[in-house]
Amino acid sequence: MFKWFHRLGSPKIFFEMSGRWQVPLLWLSVVMLTGGAAWALLFVPPDYQQGNSVRIMYIHVPAAILAQSGYVMMSGAAAVFLIWRIKLADVAVKCIAPLGASITFIALLTGAIWGKPTWGTWWVWDARLTSTLVLFFLYIGVIALRSAMERHAGAGRACAILALVGVVNLPVIKFSVEWWYTLHQPASFSLTEKPTMPVEMWLPLLVMVVAYYLFFFAIWIMRIRNEILLTEKNTDWVKQWLATR
Amino acid sequence: MKFGRMKSHRRNRMLIIVFIVCAAAGATTFTLFALNENINLFYSPEQIVRGEAPLGKTIRAGGMVQDGSVIRAEEGLGVSFVVSDLKSAQVTIEFEGILPDMFREGQGIIALGQLTDKGVFVAEEVLAKHDENYMPPEVADALKNEHQSSAETYNKANYN
């Protein structure tokens, strides 16, 4: 059952398989990002109360969704590394942390920019905003821990444990708006419930969410491939691959 | 996942991970429960009416601005309005300053200020709380014509 799983864990096989995927993935995501952004910024109707600042949502909401599911992916890879000791999973954790931190930063920044005209403030210490800031620090912590332990053999395991402990923050972010009184509104968009906006507003949002995911995967795969090339640079298959370039 | 077929050392590692995550989750849950009241960003009108909010201390109060309750001072920027939880609890808020653009009757707000012994909340800052509903202006107009108070229908307040 785990055969494909162990095969994919081999750097060489991952490198070969991902090589076929990365370019189409990147192109598709760039096309969807541009198209979705143009749609959201130029053609979506303004909101009856927020006016044009509603357009920030199309950058903010996908970033916030991905900030959280990026963490799920990171901790999933961390668990795989701890249980099966697959080196590639550790590489995946290493490569996703800066991406997750960036996307969380985008979510925080665009949220602040939207908050100023809508709420009247850039920032409040409510449960949703604070727990998202904690998420950002968790990503930063994983990055910092690895660079502090760079020459240490246990770096991967330490990062993986930190990543896994941080998982408890995810339900806090998700349910913060229901458990406590917050300034942040509940979700407008989820898999299980009817969107709280008409189709001409949520369809471009869906496009942006998918585009963000694809772009995220494309960059993640590219980073992992770079890392594989660096660590395997003395092996025969990398030398052969380089010779064909 | 077939646990039975997993090698025992892997199963042990998995159990350790499950244990670590559960322990962290447990610790966080207890901490959050202990801090529960402090994590709330604001006091609801009901809490204030029941006397749960401290007097003379800087706190936040939140609620829905009641229709027709906004009274502006004849001179200056003074304004007073009533916030409610759309049920029975009501609190009067006085404020002097510029209200956010999104401030309007029927919308949620959060005010930073102090509760006086007369039960009036004197605010030094007012933030507009946006709800999760979005719609184009034409749709909002159409809804408004359909039934008078579209705002009330469309604001599922979570102030109770």
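Q: Which domains does the domain assignment of chain B give?
A: In this predicted model, the domain assignment of chain B gives domain 1, covering 3-39, and domain 2, covering 45-154. To place the two in space, one can take their centres over C-alpha atoms, and those of domain 1 of chain B and domain 2 of chain B are separated by 42 Å.

Q: What does the secondary structure of chain A come to, in helices and strands?
A: A count of elements is a plain way to begin with a chain, and for chain A the count is nine helices and zero strands. Followed along the sequence, chain A therefore reads as α-α-α-α-α-α-α-α-α.

Q: How does the radius of gyration of chain A stand beside the globule rule?
A: The rule gives 18 Å for 245 residues, and the radius of gyration of chain A, at 20 Å, is close to that value, so chain A is as compact as a globular protein of that length. Taken along the principal axes, the C-alpha atoms of chain A fill a box of roughly 60 × 35 × 35 Å.

Q: What share of the contacts in chain A comes from residues 24 or more positions apart?
A: Among contacts in chain A with a separation of 6 or more, 76% join residues that are 24 or more positions apart. Burial can be read beside this, and buried residues make up 40% of the 245 residues in chain A.

Q: Which residues touch the most other members of the largest nonpolar core?
A: The general idea is that nonpolar side chains tend to be buried together in soluble globular proteins. Here the largest nonpolar core has 65 residues, of which Ala78(A), Ala92(A), Val93(A), Ile96(A) and Leu205(A) touch the most other members. At least two residues of this core come from each of H3, H4, helix H5 (127-148), H6, helix H7 (169-179) and helix H8 (199-231) of chain A, and H3(A) gives the most, with 17 residues. Apart from this core lies another, of 31 residues, which includes Leu129(A), Leu183(A), Met64(B) and Leu127(B).

Q: Which residues does Ala78(A) touch, leaving out those up to four places away in sequence?
A: With those neighbours left out, Ala78(A) touches Val93(A), Ala160(A), Ala163(A) and Leu164(A).

Q: How many residues does each chain bring to the contact between them?
A: Chain A brings 36 residues and chain B brings 34 residues. On the side of chain A that touches chain B, the elements giving two or more residues are helix H3 (57-84), helix H4 (87-118) and helix H6 (155-165) of chain A, with H3(A) giving the most, four residues. Sorted by class, that side of chain A has 26 nonpolar, eight polar and two charged residues.

Technical notes. Residues are numbered from 1 along each chain as its sequence is written. Chains are lettered from A and ligands numbered from 1 in the order in which they are written. This is a predicted model: local features need pLDDT of at least 70, side-chain atom pairs count only at pLDDT 80 or more; totals for chains, interfaces and linings use all residues. Two residues are in contact if their C-beta atoms, placed from the backbone, lie within 7 Å. Ala, Val, Leu, Ile, Met, Phe, Trp, Tyr, Cys and Pro count as nonpolar, Asp, Glu, Lys and Arg as charged, and the others, Gly among them, as polar. A nonpolar core is a set of buried Ala, Val, Leu, Ile, Met, Phe, Trp, Tyr and Cys residues joined through C-beta atoms within 7 Å. A residue is buried if 20 or more other C-beta atoms lie within 10 Å of its own, exposed if 12 or fewer, and partly exposed in between; C-beta atoms are placed from the backbone. The radius of gyration is taken over C-alpha atoms; the globule rule is 2.2 Å times the number of residues to the power 0.38. Domain bounds come from an automatic or database domain assignment.
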